[in-house]
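Please look over the sequence and the fold together before reading on. The paragraphs that follow go through the sheets, the strands and the helices in turn.

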Amino acid sequence: YGDTYVLPDALFGEHFGEEFYFESSLANLHNSSGSLDDWKEHVGKYCRDNSLLVLLTSFALTGPLLKPCGFEGGGIHIYGCSSAGKSTGAHVAGSVCGGGGNKGFMRQWNSTHNAIENTAVLHNDNMLVLDEIGQASAETVAQIPYMLANGQGKARMKADASARNIGRWLLNFLSNGELTINDKIQETGKFTSHVGQEVRVIDLPINAGIGQDLYENKHGYDNGARLSDDLVSNCMKYYGTPLRAFIAAFCGSSIEEKRRNIELIIEKAQKFVQENCPEGASGQVRRVARKFGLIASAGEFAHGCGIFPYGTGDARRAAEKWFKIWLDQRNCIGDREIAKVLECVQDHFALHSESRYVPIEEANKDSRSKRVGFSWRDKMSGRKRFLMLSAAADEVLKGINRKVILDAMNKLGWLEQKEDGNIRDT
(Lines give C-alpha, C1' and ligand atoms only; values in the text may rest on other atoms or scores of the structure.)
Protein backbone atom coordinates (compact mmCIF):
# COMPACT_ATOMS: atom_id res chain seq x y z
CA TYR A 1 0.00 0.00 0.00
CA GLY A 2 2.98 2.33 -0.31
CA ASP A 3 2.80 4.78 2.55
CA THR A 4 -0.52 3.43 3.80
CA TYR A 5 -0.28 0.95 6.64
CA VAL A 6 -2.91 -1.61 7.60
CA LEU A 7 -3.19 -2.40 11.30
CA PRO A 8 -5.31 -5.55 11.76
CA ASP A 9 -7.23 -5.62 15.01
CA ALA A 10 -6.50 -2.00 15.78
CA LEU A 11 -7.02 -1.08 19.38
CA PHE A 12 -10.04 1.09 18.97
CA GLY A 13 -12.58 -0.87 16.89
CA GLU A 14 -15.85 -2.14 18.24
CA HIS A 15 -15.24 -5.49 16.58
CA PHE A 16 -12.13 -7.61 16.83
CA GLY A 17 -10.41 -7.88 13.45
CA GLU A 18 -11.51 -4.46 12.19
CA GLU A 19 -8.88 -2.76 10.01
CA PHE A 20 -7.67 0.81 10.43
CA TYR A 21 -5.48 2.88 8.14
CA PHE A 22 -3.14 5.76 8.69
CA GLU A 23 -1.32 7.84 6.11
CA SER A 24 2.35 8.61 6.63
CA SER A 25 4.83 10.62 4.64
CA LEU A 26 7.28 9.63 7.38
CA ALA A 27 6.93 5.94 6.65
CA ASN A 28 10.45 5.11 7.76
CA LEU A 29 9.75 6.44 11.24
CA HIS A 30 7.07 3.81 11.75
CA ASN A 31 9.32 0.94 10.69
CA SER A 32 11.01 -1.57 12.94
CA SER A 33 14.52 -2.95 12.70
CA GLY A 34 16.05 -6.01 14.30
CA SER A 35 14.22 -8.36 16.63
CA LEU A 36 12.78 -7.67 20.06
CA ASP A 37 15.63 -9.68 21.55
CA ASP A 38 18.09 -7.41 19.72
CA TRP A 39 16.46 -4.35 21.26
CA LYS A 40 16.45 -5.90 24.72
CA GLU A 41 20.12 -6.87 24.45
CA HIS A 42 21.50 -3.67 22.93
CA VAL A 43 19.14 -1.01 24.33
CA GLY A 44 16.78 -2.29 26.99
CA LYS A 45 19.33 -3.90 29.30
CA TYR A 46 21.12 -0.57 29.74
CA CYS A 47 17.88 1.02 30.94
CA ARG A 48 17.64 -1.36 33.86
CA ASP A 49 18.56 0.30 37.16
CA ASN A 50 18.35 3.70 35.47
CA SER A 51 15.01 5.00 36.67
CA LEU A 52 14.59 7.83 34.15
CA LEU A 53 15.20 5.50 31.20
CA VAL A 54 12.75 3.00 32.69
CA LEU A 55 10.22 5.84 33.03
CA LEU A 56 10.74 7.11 29.46
CA THR A 57 10.59 3.69 27.80
CA SER A 58 7.39 2.95 29.73
CA PHE A 59 6.02 6.36 28.72
CA ALA A 60 6.72 5.47 25.08
CA LEU A 61 4.10 2.71 25.28
CA THR A 62 1.27 4.89 26.58
CA GLY A 63 0.19 6.53 23.30
CA PRO A 64 -1.87 3.56 22.08
CA LEU A 65 -3.49 3.26 25.53
CA LEU A 66 -4.93 6.77 25.71
CA LYS A 67 -8.13 6.20 23.79
CA PRO A 68 -9.09 2.68 24.90
CA CYS A 69 -8.27 3.42 28.55
CA GLY A 70 -9.83 6.90 28.59
CA PHE A 71 -6.73 8.97 29.38
CA GLU A 72 -5.87 12.45 28.12
CA GLY A 73 -2.80 13.19 26.03
CA GLY A 74 0.07 15.29 27.31
CA GLY A 75 3.81 15.48 27.53
CA ILE A 76 6.97 15.03 29.53
CA HIS A 77 9.73 17.62 29.18
CA ILE A 78 13.22 16.71 30.42
CA TYR A 79 15.36 19.74 31.20
CA GLY A 80 18.88 20.31 32.46
CA CYS A 81 22.42 21.23 31.53
CA SER A 82 23.89 20.28 28.18
CA SER A 83 25.59 16.88 27.81
CA ALA A 84 23.63 15.42 30.73
CA GLY A 85 21.91 12.80 28.55
CA LYS A 86 18.63 14.48 27.53
CA SER A 87 18.91 13.60 23.82
CA THR A 88 20.06 10.09 24.67
CA GLY A 89 16.93 9.59 26.73
CA ALA A 90 14.86 10.83 23.79
CA HIS A 91 16.61 8.40 21.42
CA VAL A 92 16.03 5.48 23.78
CA ALA A 93 12.35 6.30 24.28
CA GLY A 94 11.89 6.79 20.54
CA SER A 95 13.48 3.44 19.76
CA VAL A 96 10.59 1.76 21.57
CA CYS A 97 8.22 3.06 18.89
CA GLY A 98 10.22 3.21 15.66
CA GLY A 99 13.04 4.90 13.83
CA GLY A 100 14.94 4.82 10.59
CA GLY A 101 15.33 8.55 9.99
CA ASN A 102 18.63 10.38 10.32
CA LYS A 103 17.58 11.27 13.88
CA GLY A 104 15.87 7.98 14.60
CA PHE A 105 12.32 8.51 15.82
CA MET A 106 13.00 12.09 16.92
CA ARG A 107 11.70 15.25 15.33
CA GLN A 108 13.01 18.75 16.00
CA TRP A 109 11.48 21.64 17.92
CA ASN A 110 13.00 23.83 15.21
CA SER A 111 9.92 23.57 13.01
CA THR A 112 7.00 25.80 12.08
CA HIS A 113 3.69 25.56 13.89
CA ASN A 114 2.11 24.02 10.79
CA ALA A 115 4.89 21.44 10.41
CA ILE A 116 4.56 20.25 14.01
CA GLU A 117 0.80 20.09 13.60
CA ASN A 118 1.16 17.85 10.54
CA THR A 119 3.71 15.71 12.38
CA ALA A 120 1.28 15.32 15.30
CA VAL A 121 -1.37 13.92 12.96
CA LEU A 122 1.15 11.34 11.74
CA HIS A 123 1.89 10.29 15.32
CA ASN A 124 -1.74 9.84 16.33
CA ASP A 125 -2.18 7.11 18.98
CA ASN A 126 1.58 7.00 19.41
CA MET A 127 4.37 9.07 20.91
CA LEU A 128 5.94 12.16 19.37
CA VAL A 129 9.51 13.06 20.34
CA LEU A 130 10.67 16.68 19.97
CA ASP A 131 14.37 17.34 20.50
CA GLU A 132 15.97 20.54 21.86
CA ILE A 133 13.42 23.16 22.79
CA GLY A 134 16.14 25.80 22.66
CA GLN A 135 15.85 25.82 18.86
CA ALA A 136 12.22 26.97 19.01
CA SER A 137 10.95 30.49 19.57
CA ALA A 138 9.15 31.47 22.78
CA GLU A 139 6.00 32.07 20.72
CA THR A 140 6.11 28.54 19.28
CA VAL A 141 6.61 26.97 22.71
CA ALA A 142 3.76 29.06 24.12
CA GLN A 143 1.39 27.48 21.59
CA ILE A 144 2.62 23.99 20.72
CA PRO A 145 2.34 22.12 24.06
CA TYR A 146 -1.29 23.23 24.47
CA MET A 147 -2.03 22.25 20.88
CA LEU A 148 -0.39 18.83 21.19
CA ALA A 149 -2.10 18.04 24.48
CA ASN A 150 -5.50 19.28 23.29
CA GLY A 151 -5.29 17.14 20.17
CA GLN A 152 -6.48 19.64 17.61
CA GLY A 153 -4.83 22.00 15.14
CA LYS A 154 -5.84 25.47 14.04
CA ALA A 155 -8.97 26.14 12.02
CA ARG A 156 -7.98 27.47 8.59
CA MET A 157 -9.71 28.64 5.43
CA LYS A 158 -9.15 27.48 1.87
CA ALA A 159 -8.66 29.94 -0.98
CA ASP A 160 -12.40 29.70 -1.75
CA ALA A 161 -13.20 30.67 1.88
CA SER A 162 -14.43 27.18 2.77
CA ALA A 163 -13.06 25.56 5.93
CA ARG A 164 -10.08 23.24 5.73
CA ASN A 165 -10.17 19.95 7.60
CA ILE A 166 -8.83 20.42 11.12
CA GLY A 167 -6.01 18.09 12.11
CA ARG A 168 -6.88 15.93 15.11
CA TRP A 169 -4.87 13.44 17.14
CA LEU A 170 -4.48 11.84 20.53
CA LEU A 171 -0.89 11.31 21.60
CA ASN A 172 1.76 11.71 24.26
CA PHE A 173 4.91 13.64 23.50
CA LEU A 174 8.42 13.77 24.90
CA SER A 175 10.48 16.94 24.78
CA ASN A 176 13.86 18.08 26.09
CA GLY A 177 15.99 21.18 26.47
CA GLU A 178 18.10 23.19 28.87
CA LEU A 179 15.11 25.28 30.04
CA THR A 180 11.77 24.24 31.45
CA ILE A 181 8.72 24.78 29.25
CA ASN A 182 7.64 27.76 31.36
CA ASP A 183 11.10 29.33 31.41
CA LYS A 184 11.30 29.05 27.64
CA ILE A 185 7.87 30.67 27.20
CA GLN A 186 8.89 33.60 29.40
CA GLU A 187 12.35 33.89 27.87
CA THR A 188 11.62 37.09 25.93
CA GLY A 189 9.17 38.60 28.39
CA LYS A 190 6.47 38.77 25.70
CA PHE A 191 4.59 35.64 26.68
CA THR A 192 3.20 34.34 29.95
CA SER A 193 3.06 30.73 31.07
CA HIS A 194 -0.10 29.33 32.60
CA VAL A 195 -0.76 26.69 35.21
CA GLY A 196 -2.59 24.59 32.64
CA GLN A 197 0.72 24.24 30.86
CA GLU A 198 2.33 22.71 33.96
CA VAL A 199 -0.37 20.05 34.19
CA ARG A 200 -0.40 19.16 30.51
CA VAL A 201 3.38 19.01 30.22
CA ILE A 202 5.33 17.51 33.12
CA ASP A 203 8.70 19.21 33.62
CA LEU A 204 11.30 16.82 35.05
CA PRO A 205 14.90 17.79 35.91
CA ILE A 206 17.35 15.30 34.46
CA ASN A 207 19.51 15.70 37.56
CA ALA A 208 16.55 14.62 39.72
CA GLY A 209 17.12 17.73 41.81
CA ILE A 210 20.21 16.19 43.41
CA GLY A 211 22.87 16.68 40.75
CA GLN A 212 22.86 13.26 39.07
CA ASP A 213 22.83 12.70 35.30
CA LEU A 214 20.86 10.25 33.17
CA TYR A 215 22.60 7.20 34.61
CA GLU A 216 22.40 5.71 38.07
CA ASN A 217 24.05 2.54 36.74
CA LYS A 218 26.59 2.79 33.89
CA HIS A 219 26.63 -1.00 33.40
CA GLY A 220 30.42 -1.28 33.37
CA TYR A 221 31.14 1.77 31.21
CA ASP A 222 33.88 4.15 32.35
CA ASN A 223 31.66 7.18 31.91
CA GLY A 224 28.20 8.20 30.82
CA ALA A 225 29.39 9.75 27.55
CA ARG A 226 30.60 6.42 26.19
CA LEU A 227 27.44 4.67 27.26
CA SER A 228 25.37 7.40 25.60
CA ASP A 229 27.32 7.08 22.34
CA ASP A 230 26.74 3.33 22.23
CA LEU A 231 23.09 3.64 23.22
CA VAL A 232 22.35 6.19 20.51
CA SER A 233 24.17 4.05 17.95
CA ASN A 234 22.20 0.98 19.03
CA CYS A 235 18.92 2.89 18.89
CA MET A 236 19.61 3.64 15.23
CA LYS A 237 19.96 -0.09 14.53
CA TYR A 238 17.30 -1.68 16.72
CA TYR A 239 13.93 -0.02 17.07
CA GLY A 240 10.17 -0.34 16.84
CA THR A 241 9.81 -3.93 18.06
CA PRO A 242 8.82 -3.22 21.70
CA LEU A 243 5.75 -1.21 20.73
CA ARG A 244 4.62 -3.83 18.21
CA ALA A 245 4.99 -6.61 20.77
CA PHE A 246 3.17 -4.46 23.33
CA ILE A 247 0.21 -3.82 21.02
CA ALA A 248 -0.01 -7.51 20.14
CA ALA A 249 -0.03 -8.47 23.83
CA PHE A 250 -2.48 -5.73 24.74
CA CYS A 251 -4.95 -6.70 22.00
CA GLY A 252 -4.60 -10.37 22.83
CA SER A 253 -6.36 -13.10 20.91
CA SER A 254 -9.93 -11.92 21.45
CA ILE A 255 -11.94 -8.81 22.16
CA GLU A 256 -12.60 -10.15 25.66
CA GLU A 257 -8.88 -10.46 26.40
CA LYS A 258 -8.34 -6.92 25.19
CA ARG A 259 -11.11 -5.68 27.50
CA ARG A 260 -9.54 -7.48 30.45
CA ASN A 261 -6.21 -5.83 29.65
CA ILE A 262 -7.88 -2.42 29.48
CA GLU A 263 -9.45 -3.01 32.90
CA LEU A 264 -6.09 -4.15 34.30
CA ILE A 265 -4.26 -1.06 33.00
CA ILE A 266 -6.91 1.28 34.41
CA GLU A 267 -7.05 -0.52 37.77
CA LYS A 268 -3.28 -0.33 38.28
CA ALA A 269 -3.18 3.33 37.24
CA GLN A 270 -5.93 4.15 39.75
CA LYS A 271 -4.10 2.22 42.46
CA PHE A 272 -0.98 4.26 41.75
CA VAL A 273 -2.92 7.49 42.33
CA GLN A 274 -4.41 6.17 45.57
CA GLU A 275 -1.02 5.11 46.93
CA ASN A 276 1.06 8.08 45.83
CA CYS A 277 -1.13 11.18 45.96
CA PRO A 278 -0.67 13.07 49.24
CA GLU A 279 -3.77 13.56 51.36
CA GLY A 280 -5.47 16.80 50.41
CA ALA A 281 -3.83 16.96 46.97
CA SER A 282 -5.61 19.16 44.46
CA GLY A 283 -7.20 18.00 41.25
CA GLN A 284 -4.16 19.29 39.39
CA VAL A 285 -1.81 17.04 41.34
CA ARG A 286 -4.13 14.05 40.97
CA ARG A 287 -4.31 14.71 37.23
CA VAL A 288 -0.53 14.44 36.93
CA ALA A 289 -0.47 11.42 39.25
CA ARG A 290 -2.89 9.71 36.88
CA LYS A 291 -0.43 10.25 34.02
CA PHE A 292 2.37 8.68 36.07
CA GLY A 293 -0.02 5.88 36.99
CA LEU A 294 -0.56 5.07 33.31
CA ILE A 295 3.21 5.04 32.75
CA ALA A 296 3.71 2.65 35.65
CA SER A 297 0.87 0.43 34.49
CA ALA A 298 2.14 0.29 30.89
CA GLY A 299 5.69 -0.50 31.99
CA GLU A 300 4.62 -3.26 34.34
CA PHE A 301 2.37 -4.76 31.68
CA ALA A 302 5.30 -4.76 29.24
CA HIS A 303 7.56 -6.39 31.79
CA GLY A 304 4.96 -9.05 32.48
CA CYS A 305 4.80 -9.83 28.76
CA GLY A 306 8.59 -10.20 28.51
CA ILE A 307 8.99 -7.02 26.44
CA PHE A 308 11.13 -5.02 28.87
CA PRO A 309 14.16 -6.69 30.48
CA TYR A 310 13.56 -4.95 33.80
CA GLY A 311 12.88 -6.29 37.25
CA THR A 312 9.40 -6.78 38.65
CA GLY A 313 8.16 -3.45 39.97
CA ASP A 314 10.90 -1.38 38.30
CA ALA A 315 8.46 0.63 36.17
CA ARG A 316 6.20 1.33 39.15
CA ARG A 317 9.13 2.38 41.33
CA ALA A 318 10.48 4.65 38.58
CA ALA A 319 7.08 6.32 38.23
CA GLU A 320 6.83 6.75 42.01
CA LYS A 321 10.31 8.27 42.20
CA TRP A 322 9.80 10.76 39.38
CA PHE A 323 6.29 11.72 40.51
CA LYS A 324 7.80 12.61 43.89
CA ILE A 325 10.55 14.60 42.15
CA TRP A 326 7.87 16.49 40.21
CA LEU A 327 5.97 17.19 43.44
CA ASP A 328 9.13 18.40 45.18
CA GLN A 329 9.93 20.73 42.28
CA ARG A 330 6.35 22.01 42.27
CA ASN A 331 6.62 22.73 45.98
CA CYS A 332 2.89 22.47 46.74
CA ILE A 333 0.10 19.90 46.61
CA GLY A 334 -2.67 22.44 46.11
CA ASP A 335 -3.77 24.38 43.06
CA ARG A 336 -0.77 26.09 41.53
CA GLU A 337 -2.70 29.29 40.72
CA ILE A 338 -3.39 29.76 44.43
CA ALA A 339 0.18 28.86 45.39
CA LYS A 340 1.57 31.45 42.97
CA VAL A 341 -0.58 34.22 44.43
CA LEU A 342 0.32 33.18 47.97
CA GLU A 343 3.98 33.42 46.98
CA CYS A 344 3.32 36.92 45.64
CA VAL A 345 1.73 37.90 48.96
CA GLN A 346 4.74 36.60 50.88
CA ASP A 347 7.13 38.40 48.54
CA HIS A 348 5.12 41.61 48.90
CA PHE A 349 5.45 41.67 52.69
CA ALA A 350 9.08 40.57 52.60
CA LEU A 351 9.88 43.58 50.42
CA HIS A 352 7.49 46.24 51.71
CA SER A 353 6.41 45.47 55.27
CA GLU A 354 8.78 48.13 56.65
CA SER A 355 9.06 50.63 53.83
CA ARG A 356 5.49 50.97 52.54
CA TYR A 357 3.31 50.19 55.57
CA VAL A 358 3.00 53.22 57.80
CA PRO A 359 2.68 52.72 61.57
CA ILE A 360 -0.96 53.47 62.26
CA GLU A 361 -0.16 55.97 64.99
CA GLU A 362 1.68 58.02 62.35
CA ALA A 363 -1.10 57.82 59.76
CA ASN A 364 -1.86 61.53 59.87
CA LYS A 365 1.78 62.56 59.83
CA ASP A 366 3.27 60.26 57.15
CA SER A 367 2.58 61.32 53.58
CA ARG A 368 4.85 58.94 51.66
CA SER A 369 3.56 58.56 48.10
CA LYS A 370 4.12 54.82 47.85
CA ARG A 371 2.14 53.96 50.95
CA VAL A 372 0.13 50.74 50.51
CA GLY A 373 -1.23 50.29 54.01
CA PHE A 374 -0.78 50.57 57.75
CA SER A 375 0.80 48.48 60.48
CA TRP A 376 0.51 48.12 64.26
CA ARG A 377 1.49 45.76 67.05
CA ASP A 378 -1.34 43.70 68.52
CA LYS A 379 -1.40 44.24 72.27
CA MET A 380 -2.76 40.81 73.11
CA SER A 381 -0.55 38.58 70.95
CA GLY A 382 2.37 40.93 70.37
CA ARG A 383 2.24 40.08 66.65
CA LYS A 384 2.52 42.75 64.01
CA ARG A 385 -0.65 43.38 61.99
CA PHE A 386 -1.05 44.91 58.57
CA LEU A 387 -3.97 46.64 56.89
CA MET A 388 -3.58 46.56 53.09
CA LEU A 389 -5.28 49.27 51.08
CA SER A 390 -7.66 48.22 48.29
CA ALA A 391 -5.41 49.40 45.46
CA ALA A 392 -2.50 47.33 46.77
CA ALA A 393 -4.73 44.30 47.27
CA ASP A 394 -5.95 44.57 43.67
CA GLU A 395 -2.34 44.48 42.47
CA VAL A 396 -1.05 41.70 44.72
CA LEU A 397 -4.09 39.43 44.38
CA LYS A 398 -4.63 39.80 40.66
CA GLY A 399 -5.00 36.80 38.40
CA ILE A 400 -7.31 34.70 40.56
CA ASN A 401 -10.81 34.83 42.01
CA ARG A 402 -10.68 37.05 45.09
CA LYS A 403 -12.87 34.83 47.26
CA VAL A 404 -10.78 31.74 46.46
CA ILE A 405 -7.49 33.35 47.44
CA LEU A 406 -8.91 34.98 50.57
CA ASP A 407 -10.31 31.63 51.69
CA ALA A 408 -6.88 30.06 51.16
CA MET A 409 -5.17 32.85 53.15
CA ASN A 410 -7.75 32.53 55.90
CA LYS A 411 -7.11 28.77 56.23
CA LEU A 412 -3.42 29.53 56.66
CA GLY A 413 -4.22 31.97 59.45
CA TRP A 414 -2.95 34.98 57.54
CA LEU A 415 -6.16 37.03 57.94
CA GLU A 416 -7.80 38.48 61.02
CA GLN A 417 -11.29 37.21 61.72
CA LYS A 418 -14.32 38.84 63.28
CA GLU A 419 -16.09 37.21 66.21
CA ASP A 420 -18.48 35.46 63.81
CA GLY A 421 -15.54 33.86 61.96
CA ASN A 422 -15.78 36.03 58.86
CA ILE A 423 -12.72 37.82 57.49
CA ARG A 424 -12.19 41.31 58.89
CA ASP A 425 -11.95 43.64 55.88
CA THR A 426 -12.09 47.03 57.60
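Two strands are said to pair if DSSP finds at least two bridges between them, and helices (H or I, at least four residues) and strands (E, at least two) are themselves DSSP runs, numbered from the N terminus. With those terms in hand, three strands form an open sheet in the order β8-β9-β10, with mixed pairing. In that sheet β8 (357-359) and β10 (384-388) stand at the edges and have a single partner strand each, so one side of each is left without a neighbour in the sheet. The twist averages 30° from one strand to the next, where angles run from 0 to 180 degrees between N-to-C directions and axes are lines fitted to C-alpha atoms, for helices over the stretch in contact. Five bridges join strand β9 (residues 373-377) to β10 in the antiparallel sense, and Gly373 has Met388 of β10 as its bridge partner.

This is a predicted model, in which local features need pLDDT of at least 70 and side-chain atom pairs count only at pLDDT 80 or more, while totals for chains, interfaces and linings use all residues. Residues are numbered from 1 along each chain as its sequence is written, and side-chain values use heavy atoms, with hydrogens and water left out.

The protein chain holds 16 helices and ten strands. Of its 426 residues, 48% count as buried, a term that means under 20% relative accessible area, as against exposed at over 50% and partly exposed in between (1.4 Å probe, protein chains only). Contact means heavy atoms within 4.5 Å, and among contacts between residues at least 6 apart in sequence, 70% join residues at least 24 apart.

A further open sheet has five strands in the order β4-β5-β6-β3-β7, with parallel pairing. Here β4 (107-108) and β7 stand at the edges, each with a single partner strand, so one side of each is left without a neighbour in the sheet. Starting from the β4 edge, β4 and β5 pair in the parallel sense over two bridges, and Arg107 stands opposite Leu130 in β5. Strand β5 (residues 127-131) is in turn joined to β6 by four bridges, again in the parallel sense, with Asn172 of β6 as the bridge partner of Met127. Asn172 also stands opposite Gly74, and six bridges join strand β3 to the parallel strand β6 (residues 172-177). On the way to the other edge, five bridges link β3 with strand β7 (residues 201-205), which runs parallel to it, and Gly75 has Val201 as its bridge partner in β7.

How covered are the strands β3 and β5? In a regular strand the side chains alternate between the two faces of the sheet. For β3 (residues 74-79), six of six residues are buried: Gly74, Ile76 and Ile78 point one way, and Gly75, His77 and Tyr79 the other way. Strand β5 is likewise mostly covered, with five of its five residues buried; Met127, Val129 and Asp131 lie on one side, and Leu128 and Leu130 on the other.

Helices lie against this sheet. Helix α2 (residues 51-59) lies across β3, β5, β6 and β7, running at about 155° to β3. Helix α4 (residues 86-97) packs on the sheet and touches β3, β5 and β6, its direction making about 160° with that of β6. Eleven of the twelve residues of α4 are buried, among them Lys86, His91 and Cys97. The expected span of a helix is 1.5 Å times one less than its number of residues, and α4 should therefore span 16 Å, which agrees with the 18 Å between its end C-alpha atoms.

The same check suits helix α12 (residues 283-304), whose 22 residues should span 32 Å and whose end C-alpha atoms are 31 Å apart, which agrees. Of those 22 residues, 16 are buried, and just after α12, Gly306 takes a positive phi of about 80°. Helices α12 and α13 (residues 314-330) pack at an angle of about 160°, with their axes 8 Å apart. That makes α12 roughly antiparallel to α13, since angles under 35 degrees count as roughly parallel, over 145 as roughly antiparallel, 65 to 115 as roughly perpendicular and the rest as oblique. The contact is made by residues including Val288, Phe292 and Glu300 of α12 and Ala319, Trp322 and Trp326 of α13.
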